Every structure is written in structure tokens, then in C-alpha cells.
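Work through the exercises below with the structure open. Try each task before reading its solution.

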Amino acid sequence: MPLNKGYLTAKTDKASDEVYTPAYAVQPLIKYIKMFEKTLGHSVTIWCPFDLESSAYVKEFLKAGFNVLHSHIDEDKNFFFYEPEEDYDIIISNPPFSQKDNVLKRLFELDKPYAMLLPIPSLQGQARFEYMKDGLQYLGFDKRINYYINSDFSQVQKGVSFGSCYLCKKFLPSDLILEELKTKN
């Protein structure tokens with residue numbers, strides 16, 4: 001059996017952070033957002049803090065009828081220093097993986113429900129343990145997500161060496177959920 005050493009050679013730096021989530025990895029969230037809306041008793045406003053208007057998160061959530069706020073560092077709205085003036089109910093996005101510790105710390109400080117798409121190994125780590133130990137929820141999938149490496153969604157990243165999951169807080173109806181990803185619509 002060949003050795004899978006992709007995780008040893010995978011890039012986890014700033015240059016590898018700007019990848020784009022396919023719509024099929026956003027769509028499983030929609031039913032949980034609808035459940036979350038029922039729990040809250042009002043329309044949900046989602047903040048997508050790492051997303052431009054062209055993001056699959058923004059597009060899919062708008063298509064599903066949700067209120068969406070989006071921001072991106074390219075618009076001088078750095079997640080670590082920026083928060084929308086408008087009220088929002090939940091934070092959902094695919095953050096830069098090289099900043100996962102800082103992202104989880106900031107989410108802890110904001111104390112809002114969230115769903116962040118991160119590599120599965122993010123579940124373990126001393127630096128982020130404090131921010132995840134109470135109330136962490138997991139939405140995992142049966143297969144790996146193939147991210148896009150360009151903003152027009154025409155080139156898929158080759159050889160993704162890790163599985164991805166949504167790490168969530170105060171959002172899912174149960175703490176551990178496994179879903180089948182429907183990669184074809």
C-alpha cells in the first residue's frame with residue numbers, strides 16, 4: 001500500500017490560503033441554517049467575513065433567500081479588526097487555513113454562532129484548544145472537498161491532501177453530524 005504523505009508536504013502558508021469553496025460544500029449548510037432560523041424565530045443574517053460577492057457562500061446563501069453580509073481583506077475589511085455595523089446572527093466561511101488559531105480565537109471573542117470550513121486536523125492543537133473545548137460541533141463529510149484555486153472557479157486544486165469539515169458553535173442541532181457530499185447537482 002502506498003504511503004499517503006500529502007499532509008506532510010501540503011502548503012499551509014499565506015500563498016496557499018486564497019482558495020475558493022465549491023458550491024457543493026456550501027449547500028449542506030442550508031438546511032441547518034433553516035433549522036437555526038426556526039430556533040431563533042426570525043430571519044437569519046449571515047456574515048461571511050472572508051468572502052467577496054463572487055463567493056459560493058454569498059451566492060448560495062442569497063439564492064436560498066438568506067440575508068448575507070460579506071467582507072474581505074481585499075476590501076480593507078480584515079476579520080481580525082473589522083465587524084459589520086449591521087446585526088448578524090451567525091458567521092460562516094472558509095477562512096485562511098494558516099490563520100486557523102487566530103480565527104478561532106477571534107470567533108471565541110465575538111461569541112456568535114459560527115460554522116468554519118477547516119482541515120480536519122484543526123480539531124487538535126494546543127493553541128486553539130481553549131477556544132474549542134466547550135461546545136464545539138462538527139459537520140463532516142464522506143469525501144474530500146476539491147477547492148478552486150482561481151476566483152472564476154475554473155481550475156480545481158489538484159491532490160487535496162486533507163479532509164475538510166465545518167467546525168461549528170451554537171449552530172447545529174447536534175454536536176456530531178456526518179453528511180454525504182453531493183458533488184454533482
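**Exercise 1: A lysine in a loop**

A polar contact of 3.5 Å links the side chains of lysine 133 and glutamate 130; a polar contact is a pair of N or O atoms within 3.5 Å, where within protein one must be able to donate a hydrogen and the other to accept it, and residues adjacent in sequence count only if both atoms are side-chain atoms. This is a predicted model, in which local features need pLDDT of at least 70 and side-chain atom pairs count only at pLDDT 80 or more, while totals for chains, interfaces and linings use all residues. Residues are numbered from 1 along each chain as its sequence is written, and side-chain values use heavy atoms, with hydrogens and water left out.

Task: Locate lysine 133 and state its exposure.

Solution.
1. Lysine 133 sits in the loop between α7 (126–132) and β5. Helices (H or I, at least four residues) and strands (E, at least two) are DSSP runs, numbered from the N terminus.
2. Its relative accessible area is 41%, so lysine 133 is partly exposed: buried means under 20%, exposed over 50%, and partly exposed in between (1.4 Å probe, protein chains only).
3. The C-alpha atoms of lysine 133 and leucine 123 are 9.8 Å apart, and the two residues are 10 residues apart along the chain.

**Exercise 2: The sheet**

Task: Give the strand order of the open sheet and name its edge strands.

Solution.
1. The sheet has 7 strands in the order β2-β1-β3-β4-β6-β5-β7, with mixed pairing. Two strands pair if DSSP finds at least two bridges between them.
2. β2 (67–70) and β7 (176–179) each pair on one side only, which makes them the edge strands.
3. Strands β5 (residues 136–141) and β6 (residues 164–169) run antiparallel and are joined by 5 bridges. Tyrosine 138 has leucine 167 in β6 as its bridge partner.

**Exercise 3: The buried side of a helix**

Task: Which residues of helix α6 (residues 100–110) are buried, and what do they pack against?

Solution.
1. The buried residues are Lys100, Val103, Leu104, Arg106, Leu107 and Leu110.
2. These residues lie on the same side of α6, because they cover an arc of only 160 degrees around the axis; the arc is that of the directions from the helix axis to the C-beta atoms.
3. They pack against β1, β3, β4 and α7, with contact meaning heavy atoms within 4.5 Å.
4. Aspartate 111 follows α6 and has a positive phi, near 55 degrees.
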